[in-house]
Amino acid sequence: MSVQHGFNGHHLAAIDAAIGAAITARSLPGAVYWLERGAAHAERAYGRLHFGPAAAPVTVGTVFDVASLTKVLVTAPAILLLHEGGQIDLEAPLLRYLPDCAGGGKDAITVRQLLTHTSGLLAGLPASPAWEGREAALLLASLERVTHVPGSVFRYSDINYILLGLIIERVAGMPLDAFAEQRIFAPMGMQDTGYRPLARGDGRTIAPTQRGAVEANAVLSKAQRGLAPGAVLQGQVHDPTVRRMGGVAGSAGVFSTARDVARFARMLLAGGELDGVRVLHPDSVRLLCTAQSPPGIAALRGMGMDIDSPFARQPRGRHYRLGSYGHTGFTGCILWIDPQSQSFYVFLSNRVYPDDRNSILPLYAELGTLSAEAVLSAQQ
């Protein structure tokens with residue numbers, strides 16, 4: 001592991017061993033891990049891009065499909081940026097920005113409830129009958145009915161963030177990927193980060209995800225053009241709904257590297273500024289990263305970040321305290337930040353290779369615990 005001063009080698013070796021054991025068990029082919037506190041950081045690449053005999057090694061520059069990290073790298077901060085500019089009211093109803101969504105109990109949903117996953121909407125859009133395109137996604141979302149009164153229950157839902165992405169496009173008057181590049185990635189120097197990476201660079205640096213996704217999601221129709229049966233997704237987003245939408249959505253679609261995600265985390269710990277560039281107002285960082293769930297909701301979420309929902313328990317581990325925050329991605333990714341110790345860790349992997357059957361939740365819990373131990377022991 002490449003290490004600057006500030007961490008105990010014993011704890012870093014334990015992190016190496018935990019990730020190495022998961023690779024040996026073929027729970028994932030490769031990964032990149034990054035730990036940072038103040039001026040000290042440790043980083044290492046593990047394994048290979050896939051399990052084949054000629055697979056190239058993962059490097060610290062390997063690009064991963066970060067799946068739902070998109071929600072906190074792009075969508076939530078983009079909504080907050082538009083809020084800073086007076087273009088979005090966080091307490092306003094969804095219908096102010098997407099009047100197409102009237103009916104089905106959705107009239108009462110607010111932007112805040114979408115951000116905190118308390119809208120009462122289901123987890124995802126249906127896959128069949130076959131559909132394609134952003135307008136089709138909006139139509140399907142507009143037909144959804146809430147299952148609970150908005151603001152009364154927590155349910156993690158991609159529909160929430162698909163709608164938020166569409167709100168951003170309507171309010172900003174530009175595509176979501178263009179807004180993300182202009183207002184977030186470029187100002188932050190996140191040069192490896194963006195949607196649809198095959199349009200930007202060499203796909204050989206991208207970790208592949210699922211094999212045979214064409215057969216597994218046969219209703220994708222035109223969204224699968226160029227993918228032969230049995231092909232491995234490499235540079236095409238793993239999330240099937242986002243593939244139907246053309247690769248860009250508020251719920252998933254971003255590809256990135258550990259060093260870029262680390263820059264984003266560093267900006268949040270600095271109150272919204274990085275290298276002299278103001279990205280988010282401190283109030284926006286507070287809304288993103290501290291509990292903003294409606295009263296009576298046990299699962300604590302910021303307007304983007306997870307604080308204490310069931311999904312937070314593994315990446316937080318045993319030592320990071322309540323008040324730390326972060327998010328995970330379905331493909332095998334974690335960003336977890338602890339403002340008290342001014343530390344964070346990033347873990348990017350392609351655990352969905354080759355067949356989306358691997359679970360690495362025990363590894364998440366190990367990494368959360370070991371990362372905190374490495375930081376806390378260095379403070380003593």
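Biologist: In this predicted model, what makes Glu36, Arg37, Gly38 and Leu269 count as residues that Gln342 touches?

Modeller: Contact means heavy atoms within 4.5 Å, and Gln342 meets that condition with Glu36, Arg37, Gly38 and Leu269, once residues up to four places away in sequence are set aside.

Biologist: Where does Gln342 lie, and why is Gln342 called partly exposed?

Modeller: Gln342 lies in the loop that links β12 (333-338) with β13 (343-349). Its relative accessibility is 37%, and because buried means under 20% and exposed over 50%, Gln342 counts as partly exposed.

Biologist: What makes the approach of the Gln342 side chain to the backbone oxygen of Pro339 a polar contact?

Modeller: The side chain of Gln342 reaches that backbone oxygen of Pro339 at 3.0 Å, and the cut-off for such a pair of N or O atoms is within 3.5 Å, so the pair qualifies as a polar contact.

Biologist: How do you know that β4 and β6 pair?

Modeller: Pairing requires at least two bridges between the strands, and two bridges join β4 to β6 (residues 254-256), with the strands running antiparallel; Asp65 stands opposite Phe255 in β6.

Biologist: Why are β4 and β5 called edge strands?

Modeller: The open sheet of three strands has the order β4-β6-β5, with antiparallel pairing. In this sheet β4 (64-65) and β5 (194-195) each pair on one side only, and they are the edge strands.

Biologist: Which residues of helix α5 (residues 134-143) are buried, and what covers them?

Modeller: Buried means under 20% relative accessible area, and the buried residues of α5 are Ala137, Leu138, Leu140, Ala141 and Ser142; what covers them includes α6 (158-172).

How values were computed. Residues are numbered from 1 along each chain as its sequence is written. This is a predicted model: local features need pLDDT of at least 70, side-chain atom pairs count only at pLDDT 80 or more; totals for chains, interfaces and linings use all residues. Side-chain values use heavy atoms; hydrogens and water are left out. Helices (H or I, at least four residues) and strands (E, at least two) are DSSP runs, numbered from the N terminus. Buried means under 20% relative accessible area, exposed over 50%, partly exposed in between (1.4 Å probe, protein chains only). A polar contact is a pair of N or O atoms within 3.5 Å; within protein, one must be able to donate a hydrogen and the other to accept it, and residues adjacent in sequence count only if both atoms are side-chain atoms.
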